[in-house]
Amino acid sequence: MKVLGGSASPLLSQRLAKELGAPLGKVETKHFPDGECYVRIHDDLEREDVVLVQSTRTDADIIELLLLQDAVHESRIRSLITAVPYFGYARQDKLFNKGESISSRAVIRALQAHTDALLMVDVHNLLVLTYFDIPVENISGMLQIANHLKEAGAEMVLSPDEGSISRARIVAQNVGASVDYLEKTRIDGSTVKIATKVLDVSRKRVAIVDDIIATGGTIFEAAKQLKAQGAREIIAACTHGLYAAGALQKLEQVCDHIVSTDTIECETSAISIAPELAKAIQNYK
Ligand code: R5P
């Protein structure tokens, strides 16, 4: 087996290779002056089971992944598993208005054409799994998040909305903490409203758990409310720390600790998803 990592996931691919006890291949990625991507794999992949890791946060990441899949298939490999730890476009998973694209489905159609199986982590909505014609698995990052929060001494776990309560429940059970949820209404892409709800948070270390932090608006509003109700400490934890411009600074005003997994490699990604990915890959064999 060989592990290859795209430029969006260098650390995670290295950690995954270590977990699997497999060598990490050498991948070269660069951009031509006009912006076009170029990739080259400097390894012999003949008769190998290949694992290719690349989160697709940007459009450039998607193109790079498609080129890497193509480059892998230049060799007579045995199999290819594509791991897309953060799958972008997951939030446009259906038609919200006539005339739109189902963006998730469009990206999946391109990616699945060149791989035997695909792995994702905490995909925003399980509906996107129905767009696949090949084996696909959605891996949960919640156990790894729970381990971190247990260590940090979280006493209560909160979901910012009712829709994400199942994730928060898994975390709470594994931390041994209580769980509750807030009532969020999204006004637009960058504005959310969280209804006032009396919670048993006084003097507690509370963890707010979400799949994605993008603008930070959701966690910011939730944390403000918890602080106003007397919470002692707020930990914001998510799988995918996207942090649109200024989001992290905004969150630092109301949160004591911000943590995410390495599906997006950034300054808060202290939790690794590599053990869970490795388990899924080993089961697939
Ligand atoms: C939405 O349903 C997701 O679970 C997240 O709550 C959302 O993507 C967070 O976005 P933001 O950080 O922009 O509020």
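Which residues line the second largest pocket? The views below come from a predicted model, and the second one holds the reply.

**View 1. The largest pocket and its centre.** Let's start with the roomiest spot: about 670 Å³ of space sits in the largest pocket. A set of 29 residues lines this pocket, and H124, D161, S164, D210 and D211 are the ones that lie nearest its centre. Sorted by type, the lining has 13 polar, 8 nonpolar and 8 charged residues.

**View 2. The second largest pocket.** Here's the reply to the opening question: Y89, R91, Q92, D93, K94, F96, H124 and N125 make up the lining. You're looking at a volume of about 250 Å³. Its lining splits into 3 charged, 3 polar and 2 nonpolar residues. Keep an eye on H124, which lines this pocket and is also among the residues nearest the centre of the largest pocket.

**View 3. Helices and strands around the largest pocket.** Two helices and two strands, α5 (165–175), α6 (217–228), β10 (183–188) and β12 (205–213), each give at least two residues to the lining of the largest pocket. The top contributor is β12, with 4 residues.

**View 4. The largest cavity.** Now for a closed-off space: the count of cavities of 30 Å³ or more comes to 1. About 50 Å³ of space lies in the largest cavity. Its lining is made of P85, Y86, F87, A90, V121, D122, V123, H124, I212 and H240. Of these lining residues, 7 are nonpolar, 2 are polar and 1 is charged. And yes, H124 turns up here too.

Methods:
Residues are numbered from 1 along each chain as its sequence is written. This is a predicted model: local features need pLDDT of at least 70, side-chain atom pairs count only at pLDDT 80 or more; totals for chains, interfaces and linings use all residues. Side-chain values use heavy atoms; hydrogens and water are left out. On a 1 Å grid over the protein atoms alone, a cavity is a set of points where a 1.4 Å probe fits but cannot get out, and a pocket is an open set with protein on both sides within 12 Å along at least five of seven lines; lining residues have an atom within 4 Å of a point. Grid points are joined across faces, edges and corners, and a volume is the space filled by probe spheres set on the points. Ala, Val, Leu, Ile, Met, Phe, Trp, Tyr, Cys and Pro count as nonpolar, Asp, Glu, Lys and Arg as charged, and the others, Gly among them, as polar.
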